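Colleague: I am new to this structure and would be grateful for a guided introduction. May I put some questions to you in turn?

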Number of protein chains: 4
Amino acid sequence: MISKPAYSVFLNMFTTRADRFCTTGYSSARSISQQFDLVRKLENISAVDVVAFSDEDLQVVSKELARGDIQLASVLPDITCDPIYQHGAFTAPDPRIRRKAIEKVCRCMDFAAAHGCNSVTIWPGQDGYDYLFQSNYLEVYSMLQAGLEECASYRGDVTLHIEYKPYEPRTHSYLDSCTSVLALLQSMGKENMGVVIDFGHTLMSNRSPAEAVALCHAHGVDRLHLHLNDSYAHMDDDLIPGTTHTLYYLEFFYWLRHLGYKGFITFDQFPYREDAVEAVTEARRWLDILWDRVTRMDEEEVQAILRRRDGIAASRLMRDVLFGA
Amino acid sequence: MISKPAYSVFLNMFTTRADRFCTTGYSSARSISQQFDLVRKLENISAVDVVAFSDEDLQVVSKELARGDIQLASVLPDITCDPIYQHGAFTAPDPRIRRKAIEKVCRCMDFAAAHGCNSVTIWPGQDGYDYLFQSNYLEVYSMLQAGLEECASYRGDVTLHIEYKPYEPRTHSYLDSCTSVLALLQSMGKENMGVVIDFGHTLMSNRSPAEAVALCHAHGVDRLHLHLNDSYAHMDDDLIPGTTHTLYYLEFFYWLRHLGYKGFITFDQFPYREDAVEAVTEARRWLDILWDRVTRMDEEEVQAILRRRDGIAASRLMRDVLFGA
Amino acid sequence: MISKPAYSVFLNMFTTRADRFCTTGYSSARSISQQFDLVRKLENISAVDVVAFSDEDLQVVSKELARGDIQLASVLPDITCDPIYQHGAFTAPDPRIRRKAIEKVCRCMDFAAAHGCNSVTIWPGQDGYDYLFQSNYLEVYSMLQAGLEECASYRGDVTLHIEYKPYEPRTHSYLDSCTSVLALLQSMGKENMGVVIDFGHTLMSNRSPAEAVALCHAHGVDRLHLHLNDSYAHMDDDLIPGTTHTLYYLEFFYWLRHLGYKGFITFDQFPYREDAVEAVTEARRWLDILWDRVTRMDEEEVQAILRRRDGIAASRLMRDVLFGA
Amino acid sequence: MISKPAYSVFLNMFTTRADRFCTTGYSSARSISQQFDLVRKLENISAVDVVAFSDEDLQVVSKELARGDIQLASVLPDITCDPIYQHGAFTAPDPRIRRKAIEKVCRCMDFAAAHGCNSVTIWPGQDGYDYLFQSNYLEVYSMLQAGLEECASYRGDVTLHIEYKPYEPRTHSYLDSCTSVLALLQSMGKENMGVVIDFGHTLMSNRSPAEAVALCHAHGVDRLHLHLNDSYAHMDDDLIPGTTHTLYYLEFFYWLRHLGYKGFITFDQFPYREDAVEAVTEARRWLDILWDRVTRMDEEEVQAILRRRDGIAASRLMRDVLFGA
C-alpha cells in the first residue's frame, strides 16, 4: 500500500482575498512572513506552493524557507495577476510582454531548483479571449507552443506543470481542459512537462478528476501536480474540498493510489469569508478521511467492478465505501 | 410607434476594474468627477446609474449633477462591495449590519428623490450562501422580506428595483432569477417595487430576457429597470451588448416596444481590458441598430407568427429582421 | 421525531426505456400487470406513481390496485408523451388540444379520488418553446393559468402538484424553476395546488433542493410531492439518488424532517441500462441510510449552525454527519 | 476566393423523430426511398450523410444512389442506436460486441468506397459512462485506441472522421471535446483519421467552433467533416443553424474559408416538431447568407484585427459584417 501523498498549501491563501466587487478585500492583508507563520501552525502540512508575484517577494520566501521547516512544493510565476499580462502572457500581441513572461518562468525555475523543488506551475490565465474574432487562434497557439518550448528547454531538471481552466479571468482560455494540455504536450515532446489537475477546473469542464488522472497516464504523462478544492462547477468556487463532490474525491483518490501518485496534494482554496487556517484544517480533515476510506478499498474487487461497466455495482461500491457494507 | 428609451450608463464603468486575480486593476483609477467628464463625452447618452459607495461620493455626484447636463437614472446603494456585508446585507446574521443596509437604502432613496430620480436599484449580491447547511433558508427569507418591506415603506415616491442573479459573488444567491423576485414581490404587495432585468444575469438563469419582460407584465409588475450587457452565460461576463446574443436582443427589444417600456436602458458592462468610452460607444451602436430593426417589424405580422408556435416561421422572421427578406 | 415518509415508485420504470437514439428501447417492454408484479417484489415500497397514458391503461391499473397491496401515491396525466401535445398541452395553439389536456387532468383527478389518492401530478413538459420568437409569452402564460384554474376548480379534494423543469423535451419550459411555480400559484390563490420538487430538475436550475422545500414553505405552499433521482445537473439524468449529490440529500432530508413532511418520496429514475428492480433497491438503500443519518442530527445544534452563516461550521457538520465526529 | 463547400444532409432527418418521452415519434415514419425523394426536392443540396442502421438499409441506399442524382458525403455506422451497444461499442465489456462494432465500421468503409465516398463518420455515442466507478478509464481508453486502429488500418483510402460530444446518450462520453479527439489522434499517428466538428457538440463543450477548426489545423489534422445545427448549449438541441449562435457561424465560416476547407457542410438537425424539408430549407437560407457575408470580408483587414487582440475592434468587425459599416 502506498502512503498518502504529502500535503502542501498555497501560501497566499493566508492573506486577504478580493473579488471584482469587494476590491478592498474581505479581510486584512498579511505579509509573506506572517503567511508563513500561519502555515507553521497547520497540523500535518509542511509544504507550500508559492505564487511569485515579484522578485522581492521571492527573497522573503527564500529567507523563510531557509529556516528549514517548510518545504517548497511548486513555484507559480505570476503571469496572470500583473496587469501587463492582461492581453496574454505567452500569447501577448507585444513581443516584449511574451519575453517578460518567458523570463519570469525561467527565473522561477532557477528559484525552484535552488530551493530543492523541481516543479514550476504554469497557469496562463490571461492566454485566452473574450470576444469572437478577437484572436488568431493559429498564431496564438504557435506562440503558446514556442513560449513553453523555450521555458522547458531552459533547464531539464525542473518540470513545468501546465494548468488548464475553461474560463476566468478570460471568458475562454486557450488551454481549457485536460485534453487540451495533453494534445499540446504530445505536439511538443518535452520530457520535463506535465499537467496540473485542478479539481474545480476539471469539474467546470464536466470531467471527473479521476478520469483526468487516468487520461494523463494513458498519454504517457505521469508528471502531475494537484490543486484541491471544490465547487458547484459553474465558476471556480475554490471551496473546502469534499463539501460538494465527495464521491468524486473517492474516485479521484482511488486512481491516484492505483497509479502510485507520489507528488504533493496542494490545497488551492479561496476562503473569501472564512478564516484560512480553519478552512485548510477543515480541508485536511475531509481529505484525511477520504484518503483513508480509499486505502481500505480492495483493489481486486474494485478492478472487477470497473471491468463490468455496471452502474448498480458502481453505486453499491460507493455506498459501501462511504457508509460501510 | 414608441420612441426609443433613453440610454444611461453606470458611472463607475469609467474607473478601473479589478478581479480576484488582478487586484490592482486592469487600468488607472479615476475620480468621480473624471468619470462624469468621460460620460459627458458620450454621444446620445446623458444619464447615469450611480453606485453609492459612500456618502462622500454622493456629495461629489450631487455637485456634478447640479451642472444639469446629466440625468440620474437610478441609485444603487452599495450593500455588496463593502466587506461589512460579506455575510449578507438584508440577511446578515448581525442585526446591526441589517440595520446599516436598510438605512443605506433609505438614504439613497432620499438622494434619488432629491435629484429628480425615482429609482433605487437593490442588488443584494451578498445575500446568498456558499455551502450547503450554511443558511436557515426560512429565516433569511423572512429577513429579506422584512428589510425590503421597511425600505419600500420608507417613501412611496421612489421605486425599489430588485436585481436577481444566480451566483457571484456568492455561489448561490437567494434571489436567483426573475421568478424568484416575482414570487417575493407578490408576497409583499408593495406598489413601489419593481424588477431589474439584467441581460446577462437572465442568460445565466437560462431564460430569454424577452420572456422575463413578459413574465413581469403577466404578474402585474411593470416597473422595470434594465441592465444591458452580454455574456457566454456561464459567468457574468458583462461584455458589449449584442456581441454574443444578438437575436436575443431583437426579441428583448421587441417585447419592450410591445409593452411600451418607457424607462432607461442602462449600459452595465465591465470592460476589463477595453477603453470604457469605446466600449460604451460600441454598445450604443449595436443597440441603435437593433432597436431600429425592431421598430421596423410589423406588429401584426409578428403577433400572427407568435400565435402559431411555429419554429420555422420564427426562424424566418429572425432571418428577415437581421438580413432583410 | 417524525417517521420516515413512505416510498413510492413510478410504475413505468419497470418497462423498457428508450431515448432519441435507441428508439427501440434498451430492454424488453413489460405489460402494466408485469410492472405491478415487479413492484410487489420490492422491499419496503408499496406505493406507485402512475402515468396515465390511456384510459385502457388506467383500467388495468385499477384492477391491480384492487388487490389492495399497493397504494396509489399520485396520478400523472400524460400531457407530454402523446404527440398531439407536441406544441403544448395547456398552451397548445389549437383550443381542442387545450380542452383535451384539461379533460385528461380532470379524469385523472376522478381516478385518483376513486382510488384513495389525493394527488395528481401536472408536468406540462411540452409547454415551452424551442426558438426565440416562437411564443407569445403573455398569451401562453394566461392559457397556462386558465387551464390550471379550471382543473383546480374541478374538484377541491384532489391536489394538483405542479412540476417544473428548466428544459427537455423543449429547449425552454415555461415553468422552469421552483419560483416560477410559486409565482404562478400565488397569482392563482387555489388551495388545492402544490409543487413537485424533482431533485434532478432542481439541480438543473442550480438550486439546492433543500432551499426549494424551504421556499415553498415560505410562500405558504406546504402541499409538496417529491421525485427522487440524481444527475450531473446538465441534463435530467435520472440516476440512482445519492450517487452524485450525496450531501445535497442530507440537506434536503434535513429540511423535509424540519418542516414535518408527511407525503411520499417517489423514486423517479430512468435506469436505461440497469435492471429497474436493482436500481430502485439501490436507491432505497442509499435513502434509508441518508434519512437515518438525518434523524440522528441534533435539531438545536443544526439550527444554531444555520443561524451563524458560517461556512466552516457547515463543512464540519456535513463531515460529522457523513463520517461521524 | 474559394467557392462555398457543398451541402449535404442527414438522410434520416426525413423520417420521424422520437425522444425518451414521445417514444412513438412526433410525426409519421418514412421509408428510405421516401426519404431520398424528399432530399431530391431540396434546392442546392444533392448529397447525403447516411446512418447505416442495417445491411438491408444499405442495399436500399445503394439502389437510390445508383440513380446518380445524389452524392454520398459520409457513412455513419450505427454503433449507438442498436441496444447491443448500450454498454459501449469499441469499449464494450463483451469482446464480441467490440468485434461487431469494428466489423460494422469496416463494412461501412467498403460501402463508402464502393459508392465514391471517402468518409466514414465514427460517433461512439455509447462509449462513455454514467456513474463514477463505472469504468476502468485506462482499459477503455486502450480499447478505443485498438478498435480505431484496426478500423483505420483496414483500408487507407477511406478517412475515419471521429465525432466528439460531451454527453448524451451517456452522462459522460470518453471523447468529449475536440482536444480529446486530437490527443487520441496524435497518439495513433494514422493518416486516414480526422475530426467531425459538430457545431452543437462544440458549443456544449464551451468552445467556439471556429477555434476547433483552427486547433485541428494546428495539430496537423486537416481532414474535417462538419455537422451543422444550433442549440442553447445545455443539450444537443439540433436546431436550425444560425437561429441562436449567429455570430459564431460568421467566425466559423471565416476560419473554414481562411483554411480552404473543401469538404461537405452537412445539415445535422433534429426537427422534432417541424417539417424537415422546411427546416433544412431554412437552414440553407441562413447559411447561404452567412457564407456570403464571410466571403465579402477583407482577409487582410480581418487578419490585422485578429493580430491586435482588441475586443472593441472585434465587436466593430462583427457589427459591420452583420449590418454593414
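The exchange below concerns a predicted model and takes up its chain contacts, its salt bridges and one residue in a loop.

Colleague: Which relation holds between chain B and chain C?

Modeller: As this is a predicted model, the answer is computed from its coordinates. A rotation of 180° superposes chain B on chain C with an RMSD of 0.0 Å, and the shift along the axis is 0.0 Å. That is the relation of a two-fold axis.

Colleague: Which residue of chain B comes closest to the rotation axis?

Modeller: The axis in question belongs to the 180° rotation that superposes chain B on chain C. At its C-alpha, the residue of chain B that comes closest lies 2.2 Å from the axis, and this residue is B:Ala183.

Colleague: What is the area buried between chain B and chain C?

Modeller: The contact draws 61 residues from chain B and 61 residues from chain C. On the side of chain B, B:Leu132, B:Phe133 and B:Arg309 lose the most area, together 20% of what that side buries. Carbon and sulfur atoms give 60% of the total, and that total is about 5100 Å².

Colleague: Which element gives the most to the side of chain B that touches chain C?

Modeller: Between these chains there are 28 residue pairs in polar contact, both residues being at pLDDT 80 or more. The elements of chain B that give two or more residues to this side include α4 (137-154), α5 (178-188) and α8 (246-258). With seven residues, the element that gives the most is α5(B).

Colleague: How many salt bridges are found across the interface of chain D and chain C?

Modeller: This contact takes 40 residues from each of chain D and chain C, and the two chains bury about 3800 Å² between them. One of the salt bridges here pairs D:Arg20 with C:Glu168, the closest N and O atoms being 3.0 Å apart. Across this interface the number of salt bridges is eight.

Colleague: Is A:Arg309, which pairs with D:Glu139, buried or exposed?

Modeller: The side chains of A:Arg309 and D:Glu139 meet in a salt bridge at 3.5 Å, N to O. The pair crosses between chains, from the loop between α10 (299-308) and α11 (311-323) of chain A to helix α4 of chain D. D:Glu139 is partly exposed, at a relative accessible area of 23%. A:Arg309 has 3% relative accessibility, so it counts as buried.

Colleague: How many residues apart in sequence are the parts that D:Arg40 and D:Asp69 tie together?

Modeller: The side chains of D:Arg40 and D:Asp69 form a salt bridge of 2.6 Å, N to O. D:Arg40 lies in helix α1 (residues 32-41) and D:Asp69 in the loop between α2 (55-65) and β3 (71-77) of chain D, so the parts tied together are apart in sequence by 29 residues.

Colleague: Which backbone oxygen lies 3.3 Å from a polar atom of the side chain of B:Gln269?

Modeller: B:Gln269 is placed in the loop between β10 (264-267) and α9 (276-295) of chain B. Its relative accessibility is 3%, so B:Gln269 counts as buried. Beyond four places in sequence, B:Gln269 touches several residues, among them B:Met13, B:Leu228 and B:Ala283. The backbone oxygen at 3.3 Å belongs to B:Ala279.

Key. Residues are numbered from 1 along each chain as its sequence is written. Chains are lettered from A and ligands numbered from 1 in the order in which they are written. This is a predicted model: local features need pLDDT of at least 70, side-chain atom pairs count only at pLDDT 80 or more; totals for chains, interfaces and linings use all residues. Side-chain values use heavy atoms; hydrogens and water are left out. Contact means heavy atoms within 4.5 Å. Buried area is the accessible area (1.4 Å probe) that two parts lose on being put together, summed over both. A salt bridge is a side-chain nitrogen of Lys or Arg within 4 Å of a carboxyl oxygen of Asp or Glu. Helices (H or I, at least four residues) and strands (E, at least two) are DSSP runs, numbered from the N terminus. Buried means under 20% relative accessible area, exposed over 50%, partly exposed in between (1.4 Å probe, protein chains only). A polar contact is a pair of N or O atoms within 3.5 Å; within protein, one must be able to donate a hydrogen and the other to accept it, and residues adjacent in sequence count only if both atoms are side-chain atoms. Copies are superposed by least squares on the C-alpha atoms of residues with pLDDT of at least 70 in both.
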